[in-house]
Amino acid sequence: MLDEVKTQLSQIVSQAVKSVIAKGDLTLTEIPEIQLQAPKSDEHGDLACPLALVLARSAKKAPRAIAQILVEEIEAAPHPLIKRVEIAGPGFMNFFLSNSYLYELLRSIQNQQANFGRSNIGHGERIVVEFVSANPTGPLNIVSGRAAATGDTLVNVLNATGYDAIREYYINDAGGQTLRFAGSVDARYRQLLGQAVEFPEDGYHGDYVTRFAQEIIDAEGARYLQMEESDRLKAFWQIVYPKIQRWQKDDLERFGVYFDVWTREQSIRDAKKPEEILQTLKSRELLYDAEGATWLRLTAFGGDKDCVVIKSDGEYTYITPDMAYHHDKFQRGFDRAIDLLGPDHHAQAGRLQTAMKALGYDESRLRILFVQQVNLVNERGERVNMSKRKGQLITLGELIDQLTGTVDERFAVDVARYFFLMRSSSSHLDFDLSLAIKRAQENPVFYLQYAHARVCSIFTLAKQRNIRRLPLEEVNLEWLQEPEEARLIKKLGEFPEVVQSCARTLEIHHLPHYLQEVAALFHTFYNKCRVLDEAAPELTQARLVLADCVRLVMGNGLSLLGISAPETM
RNA sequence: GCGCCCAUAGCUCAGUGGAUAGAGCAUCUGACUACGGAUCAGAAGGCCGGAGGUUCGAAUCCUCUUGGGCGCUCCA
């Protein structure tokens, strides 16, 4: 809707430029794109156009003079949309629009209902978004929580803008970490059975490792001691892996994140996909042997160094099945793949990008985003580095547990999700758990939810007072004349653009910020303007339409964030 | 040494080419006997890490520089 207004206005301006050139009042070889921006201040109108500033050089005229010529041309043929045009500052043309477009906006929101905010800029492009993908060697920590909230919302946003996106989790259930983890379980197993074994230095120290060992003893005793160590490790892995996977999945679901596809590295290996891509690379003469290993010539594609794909012991390095996995994503028909990675995977990301180029894929098809680290801050304000191996971490489950101590489970998830979503994912995040718990009650997410609940309460009260809403076409929206109403309506109209911008930039933190603004403008409106006024039934009807539009935008927005929109709190 | 991320109000962060740089928290002052005070109105708080450059116009783009974080394995 706001788009349409902009399009209309930019046509008017561009028409004016053309006719001014035709008259010879302005000399230009080329008309630049006409920008229209919503000014921050009401004094600057509804939409501002800096065209005269842009043209100053090529037209060899002062910006204000150019603006003057254009404004005269525009005013010569009055348009119902434009109330007046002012020239301001260095040469901005500020358009003040007639309120009718605001009323159109409300009608448009009413007609679209839950679809308001949805669009089709994606044209059905198929995208696989891979995120979390934590090693199956322990519970998910809060960094994974941040990735989970981010990826989940990103997929919501993409699907709302006409892309066909899915959530995918890659399970590294076949690499070297698995045996290292099994080794840690084994060490605890033997320790618990009284053997004096030293715990591996690079092992996993978490309590849960000991718990797993104890569970094995409880179920099957000491019988694994009879086995060869390598067989025992494999057996332990088989026992422990499903438990961890279940654990991770439960935590994610508790957090409201459901993956569409879980891909196991083992299944990629079983399907001989790594061999397949190695064959392709070999046929292109991109592989060579050196120092007993097989290398991929990444330097031929702009990589800073070549990388090993088969180690001298015959095992693959991480990248080999990973390449195969990404190749598989494209084979499954996805136009684009987006990966959300932790910041400690920078080198891996660069290598993978280059490797996919070597496999013949256009660079633009794989986009790797980084969800920056989360530092845990302790009571003394010191940063604590989280490490899964050292068992020094806060798990996603613990986070929700702790928040649940102060608020309901549903709100605990809301608080945690909002905490992760409200800041840019490229920024580091200091997570002060004690503060987060303390602040749970006064968390900014409640500000948004309260706005939604407050709107809903208006309708509840209306019902109690037997105030029935008239059909939209019988409501006279001209009653909405207050500046607080105009500001709120304008903000509501931005919603589709905000969602689109999140989809285009893959930066979703704009959405929480936008909803915060909507909530603030609504609260202001609510304090200033009485909705249910029995002395003014027509005004009441018009304001009910506005209130309902706020309800829709807040509801649709919160739903994209995966945060509940309560009707009462 | 090389690459990536970050630096904006006391604190946590938005703003990535437009007018007077914004919000939340914290601080201070106020608000209707009326739709939910989990709210609102207002005050105070800033050489946008620093220095050059591009531009009509820079927190934003380029170069250099300072400080912090993370990578640079035949680990994942």
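A salt bridge is a side-chain nitrogen of Lys or Arg within 4 Å of a carboxyl oxygen of Asp or Glu. This structure holds 34 salt bridges in all. It is a predicted model: local features need pLDDT of at least 70, side-chain atom pairs count only at pLDDT 80 or more, and totals for chains, interfaces and linings use all residues. Residues are numbered from 1 along each chain as its sequence is written, chains are lettered from A and ligands numbered from 1 in the order in which they are written, and side-chain values use heavy atoms, with hydrogens and water left out.

**One salt bridge**

- Arginine 232 and aspartate 186 form a salt bridge through their side chains, at 2.6 Å from N to O.
- Arginine 232 sits in helix α8 (residues 229–254) and aspartate 186 in helix α6, so the pair links distant parts of the chain, 46 residues apart.
- Side chains of opposite charge can pair when their charged atoms come close.

**Around RNA strand B**

- RNA strand B is surrounded by 61 residues (near means a heavy atom within 4 Å).
- The closest are Arg57, Lys311, Arg423, Tyr447 and Arg530.
- Of the strand's atoms within 4 Å of the protein, 68% belong to sugar and phosphate.
- The surface near the strand has 21 nonpolar, 26 polar and 14 charged residues. Here Ala, Val, Leu, Ile, Met, Phe, Trp, Tyr, Cys and Pro count as nonpolar, Asp, Glu, Lys and Arg as charged, and the others, Gly among them, as polar.

**Polar contacts with the strand**

- A polar contact is a pair of N or O atoms within 3.5 Å; within protein, one must be able to donate a hydrogen and the other to accept it, and residues adjacent in sequence count only if both atoms are side-chain atoms.
- Histidine 346 has a side-chain N or O atom 2.7 Å from a sugar or linking oxygen of RNA strand B.
- For asparagine 527, a side-chain N or O atom is 2.9 Å from a sugar or linking oxygen of the strand.
- Cysteine 529 uses a backbone N or O atom, which lies 2.6 Å from a base nitrogen of RNA strand B.
- Elements giving two or more residues to the surface near the strand include α12 (346–358) and α19 (510–528). Helices (H or I, at least four residues) and strands (E, at least two) are DSSP runs, numbered from the N terminus.

**The largest cavity**

- The structure has 1 cavity of 30 Å³ or more. On a 1 Å grid over the protein atoms alone, a cavity is a set of points where a 1.4 Å probe fits but cannot get out; lining residues have an atom within 4 Å of a point.
- The largest cavity has a volume of about 100 Å³. Grid points are joined across faces, edges and corners, and a volume is the space filled by probe spheres set on the points.
- It is lined by 15 residues, and Thr150, Ser425, Leu506, Glu507 and Ile508 are closest to its centre.
- The lining divides into 9 nonpolar, 4 polar and 2 charged residues.
- The largest cavity lies between domain 2 (131–258 + 372–438) and domain 3 (443–561), because both give residues to its lining. Domain bounds come from an automatic or database domain assignment.

Terms used: On a 1 Å grid over the protein atoms alone, a cavity is a set of points where a 1.4 Å probe fits but cannot get out, and a pocket is an open set with protein on both sides within 12 Å along at least five of seven lines; lining residues have an atom within 4 Å of a point.
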